[in-house]
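Biologist: Could you take a close look at the aromatic pairs in this model, and then set them in their surroundings? I would like one connected account that I can follow with the structure open beside me.

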Amino acid sequence: MSDPIVLERRGATALLTLNRPDVLNALDHAALESLRDHATALSHDATLRAVVVTGSGRAFAAGADIAAMRKMNPIEGEAFSRLGHAALASLEALGVPTIAAVNGYALGGGCELALACDWIYASSKARFGQPEVNLGLIPGFGGTSRLVRRVGVAWAKELVLAGEPIDADTALRIGLANRVCEPDALLGAALGTAEKIATKGPLAVAIAKQVVHEGQDADVGVAHALEQKAFGLVFATEDRIEGMDAFLAKRSPGFGRK
């Protein structure tokens, strides 16, 4: 059986491609376990600088596997939700930027997967939504919490409670997507951004991501204190010396993640 998620290396970038096009890349147990395992392995890769997540075929991921969920009892349903949360948390916790390249449908668990990435580039053909209420369900992989943080409470409620999808332009307007690209240009745009990130100071990128993530739910005074501590911390790195020396010498830096 082929891996439901394929990992490729493009230089310093890892490309994760959901690989179940016959079912619009629906997220079942195997796909979630594969995502968790790939993310765990990537967390130990010191040469990694960015991750791009996309889907094969005409969908990013059309949601969780409805046929599998139809057979679940309440205990199994909660366990499935826990697995989904664990897999997406593993991706979210990576110390490098993660970009979702949403090429088509990102519905239910697929939208939640995109939300677990640091930001989203959308194809003009992309469609986003949390349609679980149409099935008598609610989002189970973090949609209720990540949507609020990404687009605000009113839009999160509309997406979750009305269960209607939105197009790429609407996703851009409300802050769900960072950019909208023509379909043929989408993956190149995401990989191009990843390549640019690879030229930056990797420790600085990792620490900045952590400070933003931890500070978003903190009191502003606590968030400022986190930033001050982290700002001082990067002064202890060789990357900081290299970056400043390169700037002053008008040359490209050779960062070494130290």
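**The aromatic pairs and their surroundings**

Modeller: Phe235 has a relative accessible area of 37%, so this residue is partly exposed. The model is a predicted one, and Phe235 is a useful place to enter it, since its ring belongs to an aromatic pair. A search of the whole structure finds two such pairs. In one of them, the rings of Phe80 and Phe141 have centres 5.4 Å apart and planes at 70°, and because an angle over 60 degrees counts as edge-to-face, that is how this pair is classed. This pair links distant parts of the chain, with Phe80 in helix H3 and Phe141 in the loop between strand E8 (127–129) and helix H5 (143–151), 61 residues apart. Both Phe80 and Phe141 are buried.

The other pair is formed by Phe231 and Phe235, and it too is edge-to-face, with 5.2 Å from centre to centre and 65° between the planes. Phe231 has a relative accessible area of 55% and is therefore exposed, whereas Phe235, as said at the outset, is partly exposed at 37%. Ala236 is placed in the loop between helix H10 (220–234) and helix H11 (238–248). With a relative accessibility of 67%, Ala236 counts as exposed. From Ala236 to Leu176 there are 60 residues in sequence and 36 Å in space, taken C-alpha to C-alpha.

Leu176 leads to the interior, for in the largest nonpolar core, which has 48 residues, Leu176 is among those that touch the most other members, together with Val51, Val53, Phe60, Val102 and Phe128. Helix H3 (residues 74–92) gives this core its largest share, five residues. Another core, of 11 residues, lies apart from it and includes Val52, Ala101, Cys181 and Leu191.

Phe128, one of the residues with the most core neighbours, can also be followed into a sheet, where its bridge partner in E9 is Ile166. Strands E8 and E9 run antiparallel and are joined by two bridges. They belong to an open sheet of four strands, in the order E4-E6-E8-E9, whose pairing is mixed. At its edges are strand E4 (59–61) and strand E9 (166–167), each of which pairs on one side only.

The cysteines can be treated briefly, as a search of the whole structure finds zero disulfides. For Cys117, which is in no disulfide, the nearest cysteine sulfur is that of Cys111, 11 Å away, and a disulfide would need the two sulfur atoms within 2.5 Å. Cys117 has a relative accessible area of 2% and is buried. Cys181, a member of the core of 11 residues, is likewise in no disulfide, and its nearest cysteine sulfur, that of Cys117, is 15 Å away. At 11% relative accessibility, Cys181 counts as buried.

A last residue to inspect is His38, which is found in helix H1 (residues 29–42). His38 has a relative accessible area of 15%, and because buried means under 20%, it falls in that class. Its side chain reaches the backbone oxygen of Ile5 at 3.1 Å. Once the neighbours within four places in sequence are left aside, His38 is in contact with Asp3, Ile5, Leu7 and Leu16.

Terms used. Residues are numbered from 1 along each chain as its sequence is written. This is a predicted model: local features need pLDDT of at least 70, side-chain atom pairs count only at pLDDT 80 or more; totals for chains, interfaces and linings use all residues. Side-chain values use heavy atoms; hydrogens and water are left out. A nonpolar core is a set of buried Ala, Val, Leu, Ile, Met, Phe, Trp, Tyr and Cys residues joined through side-chain atoms within 4.5 Å. Buried means under 20% relative accessible area, exposed over 50%, partly exposed in between (1.4 Å probe, protein chains only). Rings of Phe, Tyr and Trp (its six-membered ring) pair if their centres lie within 6.5 Å; planes under 30 degrees apart count as stacked, over 60 as edge-to-face and the rest as tilted. Two strands pair if DSSP finds at least two bridges between them. A polar contact is a pair of N or O atoms within 3.5 Å; within protein, one must be able to donate a hydrogen and the other to accept it, and residues adjacent in sequence count only if both atoms are side-chain atoms. Contact means heavy atoms within 4.5 Å.
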